[in-house]
Amino acid sequence: MAVREVENIFADILDRAKVLDPVNTRKWFEELRVVHLSGGSLEIGCPDEATAAFLQDNCKSSFTRAAQQITGHLVTISFNVNSHKKSAPLAQHSESRFKSHPDYTFDNFVVGPSNRLAHASCVAVSQSPGNTYNPLFLYGNSGLGKTHLLHAVCSEAQKKFDTVVIQLLSCENFVNRFIRAIEEGNLAGFQSQFRTVDTLVIDDIQFLREREQSQEEFFHTFNALYNNGKQIILSADCSPAEIPSLEERLTSRFNWGLVARIDPPSYETRVAIVQKKAHLRGLSICDEIAEYIARKVHANIRELEGALTTICAVATTTSKQITLELAQMALDGQIESAARHISITDIIEVVTSHFDVRLTDLQSKKRSQSVTLPRQICMYLARNLTRHSLEEIGGHLGGRDHTTVMHACSKIGQAKDSEPQMHVLLGELTKQITQVPQA
Ligand code: ADP
Ligand code: MG
């Protein structure tokens with residue numbers, strides 16, 4: 001095929017992928033290049049590792065479906081960092097132990113009175129880890145940008161000092177790895193992994209509550225790093241003193257450096273965030289619409305994004321431009337009211353009875369196909385029939401994280417497109433769910 005032809009096909013695939021999954025569409029898709037397309041394989045060149053990882057985690061299935069629909073063949077997709085662009089040698093990155101999220105940068109973070117201190121302290125720490133505020137402790141309600149800031153500090157520090165070793169992980173992950181190390185009798189390995197980094201970042205540290213042994217281990221990790229002048233950054237949904245059953249020696253250490261609170265954003269900040277998020281997805285929306293969304297959603301930025309997603313989804317499915325009327329219709333009108341009447345409980349009831357499984361099975365860690373399939377179907381239906389966030393859906397199904405829910409949704413979505421029985425089954429379940437008598 002001529003180069004031109006390949007590029008045209010690739011452009012069509014990208015356009016189709018955007019329609020299939022507007023939520024994960026980004027403006028930087030413009031920078032993607034086709035490296036190779038033939039014999040059922042498509043290699044896509046990405047600007048950097050963060051974007052490649054984002055595509056791999058979030059877009060693989062929509063890209064695969066898009067490629068299949070455009071070419072009429074089964075296509076295997078791979079995402080690689082552009083070879084023609086100069087990227088840092090891999091050896092340097094292999095030392096880095098965090099995977100940055102391409103959306104979560106300082107550039108994409110809107111600063112306002114509610115988060116100014118948290119933002120400024122993160123910037124300061126990224127410029128000089130270990131030398132400014134140590135530890136840095138961020139806290140605030142869910143959805144106010146803690147995880148975003150933690151990623152931004154890490155990618156900035158990694159960019160500036162490319163040999164530093166940064167470890168960023170959720171506290172839950174820290175605890176799980178600790179438990180595994182004990183089970184495997186490899187505590188020394190665990191300790192050397194965490195006590196030798198230059199920067200340790202732990203998200204949602206409130207997860208340590210009531211976990212005495214993990215607290216003890218974290219205490220020693222903290223001391224080892226702190227005494228060596230290494231940077232520690234923590235986030236939580238409340239201040240150190242408010243974390244239930246946290247040992248006093250930890251509470252006091254968390255207060256040694258800087259504790260920065262993040263408050264719910266003001267109206268002006270919300271408007272700017274909606275604009276920023278729209279821009280990131282390659283959309284342009286007028287001020288009127290951004291202001292409308294910002295007036296409707298107050299407390300949580302994740303919900304602000306959710307509102308934007310709903311509007312985009314309505315615009316895509318109805319092939320209409322995003323106008324103020326459409327935005328109002330999407331957030332106020334029939335679509336919302338139809339979605340509002342269906343709860344996750346309705347969905348779970350119908351799915352469990354169809355598959356003859358119990359809710360406790362769906363919430364358990366069981367991974368047998370007889371439980372996994374109904375669990376994934378619940379996630380898919382909840383995503384499509386309600387306005388709950390991925391996190392909330394995961395929460396109802398045994399505290400699974402958003403990537404698990406996202407994976408389930410794309411897997412079932414793909415099955416729906418390729419397997420007629422799945423298509424019929426989902427239609428049948430949806431019909432039953434929408435007919436559940438409303439309380
Ligand atoms: P938290 O960890 O506090 O629960 P997150 O960092 O996950 O919240 O933020 C939720 C969403 O809101 C993310 O998509 C994030 O990018 C976005 N967000 C939060 N604060 C801001 C901000 N000030 N500017 C831009 N986006 C923000
Ligand atoms: Mg978070």
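Arg249 lies over the face of Phe219, 3.8 Å from the ring centre, where a charge counts as sitting over a ring if NZ of Lys or CZ of Arg is within 6 Å of the ring centre and within 35 degrees of the ring normal. Arg211 is likewise placed over the face of Phe207, at 4.0 Å from the ring centre. This is a predicted model, in which local features need pLDDT of at least 70 and side-chain atom pairs count only at pLDDT 80 or more, while totals for chains, interfaces and linings use all residues. Residues are numbered from 1 along each chain as its sequence is written, and side-chain values use heavy atoms, with hydrogens and water left out.

Turning to rings alone, the structure holds 17 aromatic pairs, a pair being rings of Phe, Tyr and Trp (its six-membered ring) with centres within 6.5 Å, stacked if the planes are under 30 degrees apart, edge-to-face if over 60 and tilted for the rest. One of them joins Phe222 and Phe254, a tilted pair at 6.3 Å centre to centre with 45° between the planes. This pair links distant parts of the chain, since Phe222 belongs to helix H9 (residues 212–227) and Phe254 to helix H10 (residues 248–254), 32 residues apart; helices (H or I, at least four residues) and strands (E, at least two) are DSSP runs numbered from the N terminus. Both Phe222 and Phe254 are buried, that is, under 20% relative accessible area, with exposed meaning over 50% and partly exposed in between (1.4 Å probe, protein chains only).

Ring pairs also connect Phe222, Phe254, Tyr226 and Trp256, among others, into a cluster.

Technical notes
Chains lettered and ligands numbered in written order.
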